[in-house]
Amino acid sequence: MCGIVGYVGSRPSLGVLMGGLRRLEYRGYDSAGVAVIDAEGRLSTHKRAGKLGVLTQDLAAHPIADGVTGIGHTRWATHGGPTDANAHPHLGDDGKLAVIHNGIIENFAELKDELLAEGVTFSSETDTEVAALLLGREYRATGDLTAAFRKVVGRLTGAFTLLAIHEDQPGIVVGARRNSPLVIGLGEGENFLGSDVAAFVEHTRRAVAIGQDQIVTIRPDGIEVVDFAGQPVESEPFDIAWDASAADKGGWSSFMAKEISEEPAAVANTLLTRLGDEGVTLPELEGIADDIAGADRIIILACGTAAYAGMLGKYAIEKWAGIPVEVELSHEFRYRDPVIGPKTLIVSISQSGETMDTLMAVKYARESGATTLSICNTQGATIPRESDAALYTHAGPEVAVASTKAFVAQVTALYLLALRLAELRGTLPAAAMRANLAELSAVPDKIATVLGTGAGIRELARGMSDTRSVLFLGRHVGYPIALEGALKLKELAYIHAEGFAAGELKHGPIALIEPGQRVFVVVPSPRDASSLHPKVVSNIQEIRARGAHVIAIAEQGDVAVLPVADDVIRIPLASPLFEPLLAVVPLQIFAMELAAAKGLDVDQPRNLAKSVTVE
Ligand code: M6R
């Protein structure tokens, strides 16, 4: 949460900073601000509550002097509401120093008391201002911004990425990170800092990820990284796998629409080089091959949509590889006393690789002796770096807050993992392995077919824009899809929505059904001998008898749903475990279209941020 960008070089910094903030706005959009050191060596700042557009207009109406060194911030509010005063940057050293921050400084209250006792005054309610004032105090004592950082970071607890500039040192930006992300962009005669590579990918595709508890100083002609004790740190540059156009809307009405359209490619790219006719190739797992082959239990850790992908991973791993799997929300796992044995394999799933709840759970599991594997979509992110091994999804940058293409890519990666586990353990006959590989390789084309039904789903959504409550039902692999459908509708259209296991309905939730209640039902294929199709059709009949308006998501040719459903959305034929990869797509489109019909911002829903980097 919160997007951070820093620049030092030779071009006007405001353009670089505002461009970076535009690409980082998905991380938070309560307020935005910039600080630059102008050609006269003076610090100028400007910040405004509201989305980045408000700041952009304000800067056009009231320009500030530009320079070649600056920092910029887009905020997701934690301490203090989304006001101009609480927007970043915050100032220290009598207005000569500007600081921006991502994270939460947990001991800010006691530090604030200390400063108040010294007679220091505050102009915001944020935890960040404490860091700015402390940095100002230490800068006055040391006359060196990097040295001041070293003094201050030792006093802070919690999670933080901090960037600062000082008008006495106009050619540098200094940053520090603990438990929040920070990446350097390496340019020619210029360097960049960002919460992620999107901040600077239009200027350079060479980057360095800053490790835990490190301080970085960037100058036009170089970078220096030290740990919190001041010892130099060697850093390994990497090439960013996508270019700036991948993070642009490219003519689509929203990032979400564009990202849904990219789902076939997200799956295909995640399969690329990994899927053969006879088996899967995952060299990323070689370093932990013995641990995964010997695992007697797997715990999948994730939050939100990624956790629903994890539920599908559980079905696949248990069915194909016969290993017991639990799926747990990272924040629930971390703060109980989970039993972790030496043969426990932890699989974390995170699109951003920065979700603090998941990061903390992974660290805890690793410290407890588990082997940790991260499924992640973001190069250089913290969670894969903190894990024993990483299996990257290749969905490309996901900018819309609602996760869509990352979800199908995560499920794809989990299925690859499940098949690899089955290979290592010899649990799948060769014919079943081949059939699954063929099903996986067919998924991109089948998703493309579902995308072709978008117009009908838009009509359905438009007709439901006054609806106040929608329920989603599914059994087996349809259940996580019901949960995901409900989550999408809540977060995008602000409509009360719940997902239920269809069999659970009669244990209580059926009392919610009243005439006209809209219910989406994910219907399994009738072709599978062990299919739950008849049971789901019975569940539909139970709610229809009580007046529900049923929208069935059913495969082509399933005629049994016709007499019981009010609307039917068709998906291509697929065997049970692959059906969710298709059934989720209409629900994503439905939520997006309903939000759009209500005039809502589908890319930046209220109160949310893409990357949840606070606990
Ligand atoms: O970056 P992550 O995959 O770790 O994010 C996890 C959740 O915060 C995320 O999936 C969230 O639920 C989405 N907004 C759902 O669309």
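Q: What makes a pair of N or O atoms a polar contact within protein?
A: A polar contact is a pair of N or O atoms within 3.5 Å, and within protein one of them must be able to donate a hydrogen and the other to accept it. The model examined here is a predicted one. In this predicted model, the side chain of Thr 69 reaches the backbone oxygen of Pro 170 at 2.5 Å, a value that lies within the 3.5 Å limit, so the pair is called a polar contact.

Q: Is Thr 69 buried or exposed, and what makes it so?
A: Thr 69, which lies in strand S4, has a relative accessibility of 2%. Buried means under 20%, and therefore Thr 69 counts as buried.

Q: Why is Lys 96 placed in the class it has, given its relative accessibility?
A: Lys 96 is found in the loop between strand S5 and strand S6 (97-105), and its relative accessibility is 28%. Since buried means under 20% and exposed means over 50%, this value falls in between, so Lys 96 counts as partly exposed. Lys 96 and Leu 43 are 53 residues apart in sequence, whereas their C-alpha atoms are 6.2 Å apart in space.

Q: How do you know whether Thr 273 is buried or exposed?
A: The relative accessible area of Thr 273 is 71%, and because exposed means over 50%, Thr 273 is called exposed. Thr 273 is found in the loop between helix H7 (263-271) and helix H8 (289-294), and its phi is near 70°, a positive value in a residue other than glycine.

Q: What makes Asn 607 buried or exposed?
A: With a relative accessible area of 62%, Asn 607 is over the 50% cut-off and is therefore exposed. Asn 607 belongs to the segment after helix H18 (579-597), and phi of Asn 607, near 65°, is positive although the residue is other than glycine.

Q: How do you know what span helix H11 (residues 356-367) should have?
A: The expected span is 1.5 Å times one less than the number of residues, so the 12 residues of helix H11 should span 16 Å, and the end C-alpha atoms are 16 Å apart, which agrees.

Q: Why is H11 described as mostly covered?
A: A residue is buried under 20% relative accessible area, and nine of the 12 residues of H11 are buried. Among them are Met 356, Asp 357, Lys 363 and Ala 365.

Q: What makes Lys 488 a polar contact of the ligand?
A: A polar side-chain atom of Lys 488 lies 2.8 Å from an oxygen atom of the ligand, and because the limit is 3.5 Å, the pair qualifies. An N or O atom in the side chain of Glu 491 is 2.4 Å from an oxygen atom of the ligand, and a polar backbone atom of Val 401 is 3.1 Å from a nitrogen atom of the ligand, so these pairs are also within 3.5 Å. Taken alone the ligand exposes 410 Å², of which the protein buries 91%.

Q: Which residues come nearest to the ligand, and which domains supply its shell?
A: Of the 14 residues around the ligand, Ser 350, Gln 351, Ser 352, Thr 355 and Glu 491 come nearest. At least three residues of the shell come from each of domain 2 (249-450) and domain 3 (454-597), and by class the shell has five nonpolar, seven polar and two charged residues.

Note on methods
Residues numbered from 1 in each chain as written. Predicted model: local features only at pLDDT ≥ 70, side-chain atom pairs only at ≥ 80, totals over all residues. Heavy atoms only, no water. Near = heavy atom within 4 Å. Areas by Shrake-Rupley, 256 points an atom, 1.4 Å probe, with all protein chains shown as cover. Nonpolar A, V, L, I, M, F, W, Y, C, P; charged D, E, K, R; others polar. Domains from an automatic or database assignment. Helix = DSSP H or I, 4+ residues; strand = E, 2+ residues; numbered from the N terminus. Buried < 20%, exposed > 50% of the residue type's maximum accessible area, 1.4 Å probe, protein only.
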